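This report concerns the single chain displayed below. Please keep the sequence and the structure in view while reading.

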Amino acid sequence: MNMASPALDIARIRADFPILSRTVRNKPLVFLDSAASAQKPRAVIDAIRACYEAEYANIHRGVYWLSQHATERFEGAREKVRALLNARDSREIIFVRGATEGINLVAQSWGRHFLKPGDEVLITALEHHSNIVPWQMLRDEKGIVLKVAPVDDAGELIWPDFEALIGPRTKLIAVAQVANSIGTVLPVEQIVSLAKARGIVTLVDGCQAVPHMAVDVQALGADFYVFSGHKLYGPAGIGVLYGRAELLNAMPPWQGGGDMIRSVTFDKTEYADLPHKFEAGTPAIADAIGLGAAIDYVNGIGYAAIAAHEADLMAYAATRLNQVPDLRVIGTARRKSAVISFVLNGVHPHDIGTILDGEGICIRAGHHCAQPVMDRFEVPATVRASFGLYNTRAEVDALVAGLHKVAEIFA
Ligand code: PMP
């Protein structure tokens, strides 16, 4: 059916992603699970291959040319991340394994050092487990208090309740920019400016935002910002913690080892400057370079075109899914991004997932690492279709056809 997009040459883009031309179960692959992890364009695959084939050596410590070259490529990737986020300085960009590790770094370094028993961390009811559990661990260890701002039936933050939860002991507000489970875009600009006015530190989990919208951490004003490379069409195993230099400088390192020191004796160790202080051990060198290639790829298409294309897909999917009998969309916030979660009356999401899999359609069925969101909406699980820049209206049609098949089987 309709491959047309108002904004992108979608056929050309799809040709950039080798996996999209494969079949699954003798059906064309319909990949609607980019919120879990996005597919990789050839440019990223080639960058990783080129690194290992021609540019690879351990970085930072080598006196020889190849090591220096690999170091330049690695640090070049850091600069690409800096530019992507419009951070002031590339030393504010810490390479980590992913958003999960970034949040744990903040909890274990900043949180452990600066939070005292009774201090409060405020999150929302829409967080991924990775922005819940690290704070619970800190609660158990340090006696901090974890507060959770509720959402309404549409999946939107209830602003007066959110504001009311902020008190004199609130030391950190940690929120997702986009909820991975139901796609709500949270008002992070408003949240950060409120926090700043009250001297509260902020952490924004940008995992589901960076693939879809331009982010400017200076304009946003957040103290910490995290995302994962693998959702941005880059490799898994590499991600980013952005932190304002002032905070990162004041924080103790969280892992000790090579690369994060200036000098070591058995009596005393001096730590390296940013960003190396937080990057103990040999990093994911090729993956960082691959992330740099992913950033180039996304920039080559442009966020305006990506956002327009995905908004078109979201609107089209909402209309088409509405026509499926007994389907209920979970999460109807006014601002949503690239994620549609739903349930079908009387059919468990896992059964839907299995039937769709038979059609070559990849969707996610489950709690999406956000069990409290499922509890909030009183469902055990949802089916989640999520979009990337390579998806088409025809794939939405395939999903809808698959759902009709599900309905027939369970009729
Ligand atoms: N936060 C959000 C909003 C996410 O969607 C995810 C991944 N599903 C994470 C954090 C965790 O990312 P990762 O598993 O790559 O560390």
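The sections below treat overall architecture, surface and charge, and one helix.

## Overall architecture

The model is predicted. Its chain contains 14 helices and 17 strands. The radius of gyration is 22 Å, close to the 22 Å given by the globule rule for 411 residues, so the chain is as compact as a globular protein of that length. Taken along the principal axes, the box filled by the C-alpha atoms is roughly 75 × 55 × 35 Å.

Contacts were also considered by sequence separation. Where two contacting residues lie at least 6 apart in sequence, 71% of the contacts join residues at least 24 apart.

## Burial, surface and charge

Buried residues make up 55% of the 411 in the chain. The exposed area of the chain is about 16,800 Å², of which carbon and sulfur atoms supply 53%.

The chain carries 40 positive and 45 negative charges, and the mean positions of these two sets are 1 Å apart.

## Helix H4

Helix H4 covers residues 99-114. At 1.5 Å a residue, its 16 residues should span 22 Å, and the end C-alpha atoms are 21 Å apart, which agrees.

H4 is mostly covered, with 12 of its 16 residues buried. The buried positions include the run from Glu-101 through Gly-102, Ile-103, Asn-104, Leu-105, Val-106, Ala-107, Gln-108, Ser-109 and Trp-110 to Gly-111. Ala-99 is likewise buried.

Notes. Residues are numbered from 1 along each chain as its sequence is written. This is a predicted model: local features need pLDDT of at least 70, side-chain atom pairs count only at pLDDT 80 or more; totals for chains, interfaces and linings use all residues. Side-chain values use heavy atoms; hydrogens and water are left out. Helices (H or I, at least four residues) and strands (E, at least two) are DSSP runs, numbered from the N terminus. The radius of gyration is taken over C-alpha atoms; the globule rule is 2.2 Å times the number of residues to the power 0.38. Buried means under 20% relative accessible area, exposed over 50%, partly exposed in between (1.4 Å probe, protein chains only). Contact means heavy atoms within 4.5 Å. Accessible areas come from the Shrake-Rupley method with a 1.4 Å probe; for residues, only the protein chains shown count as cover. Lys and Arg count as positive and Asp and Glu as negative; His and the chain ends are not counted. The place of a charge is taken as NZ of Lys, CZ of Arg, CG of Asp or CD of Glu. The expected span of a helix is 1.5 Å times one less than its number of residues.
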